[in-house]
Amino acid sequence: MDMQGNRSLAISQQHAWDALNDPEVLKACIPGCDKVEASGDNQYAVGMALKIGPVAAKFAGKILLSDIVAPESYKINFEGQGGVAGFGKGTAEVKLTPSGTGCELDYKVHATVGGKVAQLGQRLIDGTAKSMAEDFFKRFDEAMQKAHPEAYAARDAAQAAAVAPAAGSGGTPAVTGAPAQGGGIPTWVWVAGAAVLLALWWFNR
């Protein structure tokens, strides 16, 4: 299973890095997660309830961060066990790049699953993974709006300034710059494993 994507975040690169490395933020934003605890240097223990189609189970996993270049990038190695439901393991690469008043989040995930989960079919697994990833980013965005309202105000102001009347067109508005993706769902992982969230949980960091 492979997944990659990009999200435009209203917050700065440093704020995004800090949040994606905060166990409490991840615990609150990862769907079904009830545990994200540091277990060593750059290591975390993760617990979450996951449901893919008819298969539902409690998964326990661990995450190891490597190739860390703060506040720009790192690699995530993850693995999780869900008893008879199956297992998952893989890697994710995450990169944050400053962009305007915010930053861009790019991720690549490669994961494998086994057991009952693997028998459900790639389409169902991929669909669940994408849904979990969107849910994660929606929660993450809402949490960041509360923590950094000034960043969202700056983004909104920049988007408004990018729309101006076209000269000599009778006042018809012209878009002079593409607004940053966001508002509801700026698009990490954190990483977890029915793809991103499964890379993001097994997503974020």
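Which residue in E4 does glutamine 43 stand opposite? Glutamine 43 faces leucine 64, and that pairing is where I should like to begin this presentation.

First, the basis of what follows. The model is predicted, so local features are reported only at pLDDT of at least 70 and side-chain atom pairs only at pLDDT 80 or more, whereas totals for chains, interfaces and linings use all residues. Residues are numbered from 1 along each chain as its sequence is written, and side-chain values use heavy atoms, with hydrogens and water left out.

Let me turn to the sheet. Helices (H or I, at least four residues) and strands (E, at least two) are DSSP runs, numbered from the N terminus. Two strands count as paired if DSSP finds at least two bridges between them. In this model seven strands form an open sheet in the order E1-E7-E6-E5-E4-E3-E2, and the pairing is antiparallel. E1 and strand E2, which covers 33-40, are the edge strands, each pairing on one side only. From one strand to the next the twist averages 25°. Angles here run from 0 to 180 degrees between N-to-C directions, with axes fitted as lines to C-alpha atoms, for helices over the stretch in contact. As general background, strands of a sheet pair through backbone hydrogen bonds, either parallel or antiparallel.

Within the sheet, strand E3 (residues 43-52) and strand E4 (residues 55-69) run antiparallel and are joined by ten bridges. Alanine 49 has lysine 58 of E4 as its bridge partner. The two strands make a hairpin with two residues between them, and glycine 53 in the turn has a positive phi of about 60°. E4 is also joined to E5 by eight bridges, again in an antiparallel arrangement. There, alanine 60 has glutamine 81 of E5 as its bridge partner. E4 and E5 likewise form a hairpin, with three residues between them.

I now come to the helices that lie across the sheet. Contact means heavy atoms within 4.5 Å. H1 lies across E1, E4, strand E5 (73-81), strand E6 (87-99) and strand E7 (102-114), and runs at about 160° to E6. H3 lies across E1, E3 and E7, at about 120° to E3.

Which residues of H1, residues 13-20, are buried? They are Gln13, Ala16, Trp17, Ala19 and Leu20; they cover an arc of only 165° around the axis, which puts them on the same side of H1. The arc is that of the directions from the helix axis to the C-beta atoms. Buried means under 20% relative accessible area, exposed means over 50%, and partly exposed lies in between (1.4 Å probe, protein chains only). Glutamine 13 has a relative accessible area of 15%, and among the residues it touches are Pro71, Glu72 and Leu96, not counting residues up to four places away in sequence.

Next, the interior. A nonpolar core is a set of buried Ala, Val, Leu, Ile, Met, Phe, Trp, Tyr and Cys residues joined through side-chain atoms within 4.5 Å. The largest such core has 46 residues, and those with the most contacts inside it are Leu9, Ile11, Ile76, Phe136 and Phe140. Helix H3, residues 122-147, gives the most to this core, with seven residues.

Isoleucine 11 deserves a closer look. It is found in the loop between strand E1 (2-9) and H1, and it is buried, with a relative accessible area of 1%. Leaving aside residues up to four places away in sequence, isoleucine 11 touches several residues, including Thr101, Phe140, Met144 and Tyr152. Isoleucine 11 and tyrosine 152 are 141 residues apart in sequence and 7.3 Å apart in space, C-alpha to C-alpha.

Finally, H3 and H4. The expected span of a helix is 1.5 Å times one less than its number of residues. For the 26 residues of H3 this gives 38 Å, and the end C-alpha atoms are 37 Å apart, which agrees. The buried residues of H3 include Ile125, Met132, Phe136 and Phe140. For the 13 residues of helix H4 (residues 149-161) the expected span is 18 Å, and the end C-alpha atoms are 19 Å apart, which also agrees. In H4, Ala151, Tyr152 and Arg155 are buried; seen down the axis, they fall within an arc of 95°, so they line one face of the helix. These buried residues pack against H3, while the face turned away from them carries the exposed residues Ala160 and Ala161.
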